[in-house]
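User: Please take a close look at one part of this model, the disulfide. I would like its geometry, its place in the chain and the setting around it.

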Amino acid sequence: QVQLVESGGDLVQPGGSLRLSCAASGSSFSINAMGWFRQAPGKERELVALITRGGSTIYADSVKGRFIIDRDNARNTVYLQMNSLKPEDTAVYYCYLSTYGSGKISWGQGTQVNVSS
């Protein structure tokens, strides 16, 4: 069983930056991939960024060049560095984890990011 705890969401002005964190905890498990999804008002949930077991990364086209996903394997923690934020980045951001071998998926509780003047 895996629990995900997110933090870092806030209200920022356009052009600002935020760094989201997601820490995984629980009994014995192995991470296949961790990442971030988001859902904005009136829009579909979408993948923002993903980092795989081997360290490969995937980004949505809308955030390429602005967001960076990274991890601390020793702490089972994934981060999302969000730069040059735009109003359209406003959404609830959800941490995602898939467990290696079992294929189980875990979700964080969501953290609100508001980009507004």
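Analyst: The disulfide comes first, then the strands and the chain as a whole.

This is a predicted model. It holds 1 disulfide. The partners are Cys22 and Cys95, with their sulfur atoms 2.1 Å apart. That separation falls within the 2.5 Å cut-off for a disulfide. The torsion about the S-S bond of Cys22 and Cys95 is about -90 degrees, so the disulfide is left-handed. The pair links distant parts of the chain, 73 residues apart. Cys22 sits in strand 3, and Cys95 in strand 9, which covers residues 91–99. Both cysteines, Cys22 and Cys95, are buried.

Now the strand that carries Cys22. Strand 3 spans residues 18–26 and pairs with strand 1. The sense is antiparallel, over 6 bridges. Within this pairing, Gly26 of strand 3 stands opposite Val2. Strand 1 runs over residues 2–7 and has two faces. Val2, Leu4 and Glu6 make up the covered face. Gln3, Val5 and Ser7 make up the uncovered one.

Last, the chain around the disulfide. The protein chain has 11 strands and 0 helices. Of its 117 residues, 42% count as buried. Take contacts between residues at least 6 apart in sequence: 53% of them join residues at least 24 apart. The C-alpha trace spans about 45 × 25 × 25 Å along its principal axes. The radius of gyration is 14 Å, which agrees with the value near 13 Å for a compact globule of 117 residues. The accessible surface comes to about 6200 Å², and carbon and sulfur atoms hold 47% of that.

Conventions. Residues are numbered from 1 along each chain as its sequence is written. This is a predicted model: local features need pLDDT of at least 70, side-chain atom pairs count only at pLDDT 80 or more; totals for chains, interfaces and linings use all residues. Side-chain values use heavy atoms; hydrogens and water are left out. Buried means under 20% relative accessible area, exposed over 50%, partly exposed in between (1.4 Å probe, protein chains only). Helices (H or I, at least four residues) and strands (E, at least two) are DSSP runs, numbered from the N terminus. Two strands pair if DSSP finds at least two bridges between them. The radius of gyration is taken over C-alpha atoms; the globule rule is 2.2 Å times the number of residues to the power 0.38. Contact means heavy atoms within 4.5 Å. Accessible areas come from the Shrake-Rupley method with a 1.4 Å probe; for residues, only the protein chains shown count as cover.
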